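This report is meant for a reader meeting the structure for the first time. It takes up the spaces inside the protein, then a sheet, and then two other regions.

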Amino acid sequence: MPASGNSSYIYTYAHSEDETSLCGMELRCLFGREIPPAIFSSEVQVDVSRSPFIKERIDVMYEGDTLPEIYKQTEQVELAGRTFKVIFVKTNDLAPEDKIEYDERRVIEREIGLRIEGEADVNHPELTYGIVTLGGRWYFGAYHKNKATWFRQMKKPRSYSIALSTRVARAAVNMAVPRTAGVKMIDPCCGIGTVMVEALSMGIDIVGRDINPLIAAGARTNIAHFGFESEVTLGDIADIEEHYDVAIVDMPYNLYSRITPEEQFAILTNTRRIADRVVIVAIEAMDEMISSAGFTIIDRCIAKKGMFSRHLMLCL
């Protein structure tokens with residue numbers, strides 16, 4: 001039977017052991033709930049290439065309890081003269097003893113392909129469809145794979161060792177801005193612009209600021225290098241007068257820069273003043289200071305990198 005009710009989507013995702021907490025929080029922010037391992041369905045449509053963890057998405061057209069039901073329904077697919085390909089999505093929630101092996105997956109792809117009236121092209125199809133099983137049912141629909149375009153942004157002309165990794169920065173942006181339309185964002189301690197580059201690559205309206213002229217210049221260089229445009233101003237967060245929907249603050253740490261607790265608290269209180277929703281990144285939890293600045297932490301995670309960890313806290 002065709003998918004009923006609102007549009008539904010099937011997603012798969014993967015992460016390393018160190019990224020379990022980070023991935024979990026990103027997905028909660030994007031989908032508004034706790035997400036089960038590896039594969040899930042949702043009524044929420046997310047561009048899969050936004051996430052460093054989501055692998056693929058199927059826009060459900062047909063669903064059924066058995067493969068023959070799917071086979072029958074796919075006879076209705078209209079290609080309007082375009083070429084196509086069918087992909088069996090390997091990630092599923094089947095028990096190990098029910099695993100569908102390679103040869104059987106190819107048979108299922110061919111069975112569907114034979115029922116779609118049109119020209120198949122496995123190398124350069126104009127349309128790609130996916131077939132997947134989840135929760136004891138089968139789902140078929142348009143297939144979207146993560147293009148991982150953000151990989152190019154890992155190699156910046158300006159960098160320094162304590163900057164956020166591209167993956168953490170991208171996940172933080174998704175936590176801060178689950179829906180990008182109409183959002184006005186700031187990174188008031190932007191460093192070399194890692195967060196800004198990721199936000200700009202998603203089409204988010206973001207500006208940056210930093211108190212260090214050399215680092216601010218590095219941010220401008222990185223942003224321009226990837227073909228983006230945004231304003232990076234020089235100065236203290238206390239001098240910002242505009243108000244923003246969202247901010248991401250990668251807190252300066254006394255471990256790497258000369259900053260006092262009083263200066264850290266001033267950054268937090270000024271962030272509270274200029275933004276409604278904030279993701280705070282720090283090398284420690286800072287709960288008491290964050291609370292004293294007027295924030296409520298509504299979600300949190302830890303991003304690990306070897307022996308080094310960063311706390312990400314979503315605050316309202």
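How many cavities of 30 Å³ or more does the structure hold? In this predicted model, the structure holds 1 cavity of 30 Å³ or more, and the volume of the largest cavity comes to about 30 Å³. The residues that line the largest cavity are Ile10, Thr12, Ile39, Glu56, Arg57, Ile58, Val89, Val132 and Tyr143. Two elements, strand S1 (9-13) and strand S3 (54-64), give two or more residues each to the lining of the largest cavity, and S3 gives the most, with 3 residues.

There is also an open space to consider, the second largest pocket, which holds about 330 Å³. This pocket is lined by 14 residues, and those closest to its centre are Glu56, Ile87, Phe88, Tyr143 and Lys145. At least two residues of the lining of the second largest pocket come from each of S3, S4, H3 and S6, with the largest share, 3 residues, supplied by H3. Glu56 and Tyr143 belong to the lining of the largest cavity, and Glu56 and Tyr143 are also named among the residues closest to the centre of the second largest pocket.

The table sets out the two linings by residue class.

| Space | Nonpolar | Polar | Charged |
|---|---|---|---|
| Largest cavity | 6 residues | 1 residue | 2 residues |
| Second largest pocket | 5 residues | 3 residues | 6 residues |

Several of the elements named so far belong to one sheet. This is an open sheet of 6 strands in the order S2-S1-S3-S6-S5-S4, and its pairing is mixed. At its edges are strand S2 (39-42) and strand S4 (84-88), each of which pairs on one side only. On average, and with direction ignored, neighbouring strands of this sheet are turned by 35° against each other. Within the sheet, S1 and S3 run antiparallel and are joined by 5 bridges; in S3, Arg57 is the bridge partner of Tyr11. Helix H3 (residues 102-115) packs on the sheet, where it touches S4, strand S5 (127-134) and strand S6 (137-145), and the direction of H3 makes about 145° with that of S4.

In a regular strand, the side chains alternate between the two faces of the sheet.

Further along the chain, why is strand S13 (residues 308-315) described as largely enclosed by the rest of the structure? Of the 8 residues of S13, 6 are buried, and therefore S13 is largely enclosed by the rest of the structure. The word buried stands here for a relative accessible area under 20%. Strand S12 (residues 297-305) pairs with S13 in the antiparallel sense over 8 bridges, while strand S11 (residues 275-282) and S13 pair, also in the antiparallel sense, over 5 bridges. His311 in S13 shows both pairings, since Ala282 stands opposite His311 and Ile302 stands opposite His311 as well.

A last position to look at is Arg28, which has its place in helix H1 (residues 20-31). When the neighbours within four places in sequence are left aside, Arg28 is in contact with Arg33, Glu34, Asp299 and Arg300. Arg28 and Met175 lie 147 residues apart in sequence, yet in space the two are 8.2 Å apart, C-alpha to C-alpha.

Methods:
Residues numbered from 1 in each chain as written. Predicted model: local features only at pLDDT ≥ 70, side-chain atom pairs only at ≥ 80, totals over all residues. Heavy atoms only, no water. Buried < 20%, exposed > 50% of the residue type's maximum accessible area, 1.4 Å probe, protein only. Helix = DSSP H or I, 4+ residues; strand = E, 2+ residues; numbered from the N terminus. Pairing = 2+ DSSP bridges. 1 Å grid on protein atoms, 1.4 Å probe; cavity = no way out; pocket = protein on both sides within 12 Å on 5 of 7 lines; lining within 4 Å. Points joined across faces, edges and corners; volume = space filled by probe spheres on them. Nonpolar A, V, L, I, M, F, W, Y, C, P; charged D, E, K, R; others polar. Axes fitted to C-alpha atoms, helices over the stretch in contact; angles between N-to-C directions. Contact = heavy atoms within 4.5 Å.
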